Amino acid sequence: MKKRLYNPHLAKIHRSYTIEEAASLYGVFKGTVRAWIKAGLPVINDKRPMLILGSDLVAFHQARRKKNKQKCKPDELYCVRCRTPRKPAGKMVDYQIITDKIGNLIAICPDCESIMNKRISLLKLEQLTGKITITLPQALQHLIDNHQHSVNSDLKQE
Ligand SMILES: [Zn+2]
């Protein structure tokens, strides 16, 4: 089951909506609208009933659509159980060699403790060093160290 995405343009930008109105507009339960608020949908707090600006509803759903299309960030892996990209628990991943150029990152989801996997090219692996701790097969560690040394010396020459 994937997270449902809603047409951002259901809401009118120049209107404001109560939770009830927003729910019927998108054809969802009020609890769903409350979950959106928890997830960052802004509300006008000083009024009762609580009001949501139409423009905020549009922006919120547009952002969600974008986010859904987005792949994992370099230091994230997709957790199948959580159905979302997660940063590895303890910022630690293992790298498993598949071919000379491609490998598999293995990490544990910090939320549900499932094993997460991600295909990654050896080149991209270098972008991760410093952000997360990567346990590499010994041979590979030397290779990457050497490469980084040459990059550093290139920089010094400038
Ligand atoms: Zn998870």
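## The chain at a glance

Buried residues account for 29% of the 158 residues in the protein chain. Keep in mind that this is a predicted model. The chain is built from 5 helices and 8 strands, and going along the sequence they come in the order β-α-α-β-α-β-β-β-β-β-α-β-α.

As for contacts, take those between residues at least 6 apart in sequence: 44% of them join residues at least 24 apart. The protein chain exposes about 11,100 Å² of surface, with carbon and sulfur atoms supplying 54% of that area.

## The zinc site

Now to the metal. Four cysteines hold the zinc ion through their SG atoms: Cys79, Cys82, Cys109 and Cys112, at 2.2 to 2.3 Å. The angles subtended by the 4 donor atoms run from 102 to 114°, so the arrangement is tetrahedral. For reference, the ideal angle for four tetrahedral donors is 109.5 degrees.

Along the chain, the donors are spaced as C-x2-C-x26-C-x2-C. Cys79 sits in strand S3 (residues 77–79) and Cys109 in the loop between S6 and S7, so this pair ties together parts that are 30 residues apart in sequence. Both of these cysteines are out of the way: Cys79 has 0% relative accessibility and counts as buried, and Cys109 is buried too, with a relative accessible area of 1%.

## The S6–S7 hairpin

Strand S6 (residues 102–108) runs antiparallel to S7, and 7 bridges join the two. Leu105 stands opposite Lys118 in S7. The hairpin has 6 residues between its strands.

In a regular strand, side chains alternate between the two faces of the sheet. What does S7 (residues 115–121) do with its side chains? Met116, Lys118 and Ile120 point to one face and are buried, whereas Ile115, Asn117, Arg119 and Ser121 point to the other face and are not buried. Note that Lys118 belongs to the buried set.

## Two positive phi angles

Two loop residues are worth a look for their backbone. Glu113 is in the loop between S6 and S7, and its phi is near 65°, a positive value in a residue other than glycine. The side of the story told by accessibility: Glu113 is exposed, with a relative accessible area of 65%.

Arg83 also has a positive phi without being glycine, near 55°. Arg83 lies in the loop between S3 and strand S4 (84–86). With 47% relative accessibility, Arg83 counts as partly exposed.

## Salt bridges

How many salt bridges does a search of the whole structure find? There are 4, including one that involves the S6–S7 loop: Arg86 pairs with Asp111, with their closest N and O atoms 3.4 Å apart. Arg86 is in strand S4 and Asp111 in the loop between S6 and S7, so the pair ties together parts 25 residues apart in sequence. Arg86 is partly exposed at 21% relative accessibility, just over the 20% below which a residue is buried, while Asp111 is exposed at 54%.

Earlier in the sequence, Glu20 and Lys30 meet through their side chains in a salt bridge (3.3 Å, N to O). That pair links helix H1 (residues 19–26), home of Glu20, to helix H2 (residues 30–38), home of Lys30, with their positions 10 residues apart in the numbering. Glu20 is exposed at 53% relative accessible area, and Lys30 is partly exposed at 36%. Another salt bridge joins Glu21 to Arg15, where the closest N and O atoms are 3.6 Å apart. Glu21 is partly exposed at 33%, as is Arg15 at 40%.

Conventions. Residues are numbered from 1 along each chain as its sequence is written. This is a predicted model: local features need pLDDT of at least 70, side-chain atom pairs count only at pLDDT 80 or more; totals for chains, interfaces and linings use all residues. Side-chain values use heavy atoms; hydrogens and water are left out. Buried means under 20% relative accessible area, exposed over 50%, partly exposed in between (1.4 Å probe, protein chains only). Helices (H or I, at least four residues) and strands (E, at least two) are DSSP runs, numbered from the N terminus. Two strands pair if DSSP finds at least two bridges between them. Donors are N, O and S atoms within 2.8 Å of the metal (3.2 Å for Na, K and Ca); water is not among the atoms, so sites may look incomplete. Four donors count as tetrahedral if all angles lie between 85 and 135 degrees; four count as square planar and six as octahedral if opposite donors are over 155 degrees apart and all others between 65 and 115; anything else is irregular. Contact means heavy atoms within 4.5 Å. Accessible areas come from the Shrake-Rupley method with a 1.4 Å probe; for residues, only the protein chains shown count as cover.
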